[in-house]
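Me: I'm new to this one and I'd like to know the reasons behind the labels. Could you take me through them?

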Amino acid sequence: MSAGTSISRVWPTPATGPLTDPELAALYGRADRPHLRVNFVASADGAVALAGYSAGLSGAPDKRVFGLLRMLCDGLVVAAGTLRHEGYRAVRLSEDRRAWRREHGLTEYPTLVVVSGSLDLDPAQACFADAPVRPLVLTRAGVEPPPGLTEVADLVRCGAERVDLAAGLAELRRRGLDQLLCEGGPQLFGALTAADLVDELCLTVAPLLAGAGPGRITAGDESPARPLPLRHVLAAADGVLMLRYARDPGAAPSAGAAPAA
Ligand SMILES: NC(=O)c1ccc[n+]([C@@H]2O[C@H](COP(=O)([O-])OP(=O)(O)OC[C@H]3O[C@@H](n4cnc5c(N)ncnc54)[C@H](OP(=O)(O)O)[C@@H]3O)[C@@H](O)[C@H]2O)c1
C-alpha cells in the first residue's frame, strides 16, 4: 500500500494506523444474507461526475476500495448508460484478490450484470468480448438483441414494459449471485431506491466543489425518503472521505481476511 492509497478509520472507533487490505475487507465484508451494495463517488457538493465522467472525482484511495468491493461481490451490476458512457472493460482482479476469492469458496471473478431496457449494447465492447465470466444482461420481454450479443452474454428477461428490478435481482439470487455490488449509474440507483432494493450505500466524497451542472448520484422519478444508518467513516490522507451506510444491522460484514495487495 503506498502513502497515496492510505486509508484510516475515523468513526465509530478511530484507529491509529492506516488500514490494511484485510482490515478494509473485514470492514466492508460480505453480508450473511442476500445483499445489494451500491458504490458511488461524489463531490462535496453532490456532483456525480466532472466533465461527464466519474474519473475526475476518483483518486487512489477510492480506486482501492472500488477494487476491494469488486473482490467481495458475486455479481457486479451496472446500468447500460454507465457501461456505454464509461466504456466498461472486462472485469479484472489481481492474482491476490482472485486467490482470496478462491480461498473463500467464490468463483475467480464476479459476474458482470448489465441492466438495459433497450439492448442497445455493443457485443464487441471489452466488458463482453473479453469477459472472464459470461455476463448477464437484465432486460425486458420482447426486445430484440443486436447481432452477436447472445454469443457473448446471456439475456435474463424480467418485466414487460420495463425491466422489473425486483424480479431481476430475485433471478440473480436464484443463480447464486447473493452479494451484489451496483456501480451505478444514477438512473439505475434511483430505480433501485424507488423499488426499496438498496441495502447499502458506499459513498466516497471527494473534497472539491463541482459547481452547478452535473447531476446527483441518483436520478429518475421521486420516491419516499428512506433512513439509511451510517456504519463507518474512513478518511484518506488527501481529505477524501469514505462513508458506508447500511439499513440492516443483520447484514453486518462477515468477510474475514483479505490479501494485503
Ligand atoms: N460518480 C459515480 O460514482 C458514477 C457511477 C456511475 C455512473 N456515473 C456517471 O453517470 C452518468 C451516466 O448516467 P446515466 O444517466 O446514463 O444513468 P445510468 O443509470 O448509468 O444508465 C441509464 C440506462 O441504464 C439502463 N437502465 C437503468 N435503469 C434501468 C431500469 N430500471 N430499467 C431498465 N433499464 C435501466 C437503461 O439503458 P438502456 O438505454 O439500454 O435501456 C438506461 O437508459 C455518466 O456521467 C457516468 O460517468 C457516475
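Here are some questions about cysteines and aromatic rings, with replies.

Me: How many disulfides does a search of the whole structure find?

Reply: This is a predicted model, and the search turns up 0 disulfides.

Me: Why is there no bond from the sulfur of Cys73 to the closest cysteine sulfur?

Reply: A disulfide needs two cysteine sulfur atoms within 2.5 Å. For Cys73 the closest cysteine sulfur belongs to Cys182 and sits 11 Å away, so that's too far for a bond.

Me: And what about the sulfur of Cys158?

Reply: Its closest cysteine sulfur is in Cys182, at 15 Å, so a bond is ruled out there too: too far.

Me: Why is Cys73 counted as buried?

Reply: Buried means under 20% relative accessible area. Cys73 has 3%, so it's buried. Cys158 comes out at 8%, so it's buried as well.

Me: How many aromatic pairs does the structure hold?

Reply: There's 1 aromatic pair. It's made by Phe40 and Phe189, with ring centres 5.3 Å apart, and the cut-off for pairing is centres within 6.5 Å.

Me: What makes the pair of Phe40 and Phe189 tilted?

Reply: Stacked needs planes under 30 degrees apart and edge-to-face needs over 60, with the rest called tilted. These planes are at 35°, so the pair is tilted.

Me: Which parts does the pair tie together?

Reply: Phe40 lies in strand 2 (residues 35-43) and Phe189 in helix 8 (residues 186-194), so the pair ties together parts 149 residues apart in sequence.

Me: Are Phe40 and Phe189 buried or exposed?

Reply: Phe40 has a relative accessible area of 8%, so it's buried, and Phe189, at 7%, is buried too.

Note on methods: Residues are numbered from 1 along each chain as its sequence is written. This is a predicted model: local features need pLDDT of at least 70, side-chain atom pairs count only at pLDDT 80 or more; totals for chains, interfaces and linings use all residues. Side-chain values use heavy atoms; hydrogens and water are left out. Buried means under 20% relative accessible area, exposed over 50%, partly exposed in between (1.4 Å probe, protein chains only). Rings of Phe, Tyr and Trp (its six-membered ring) pair if their centres lie within 6.5 Å; planes under 30 degrees apart count as stacked, over 60 as edge-to-face and the rest as tilted. Helices (H or I, at least four residues) and strands (E, at least two) are DSSP runs, numbered from the N terminus.
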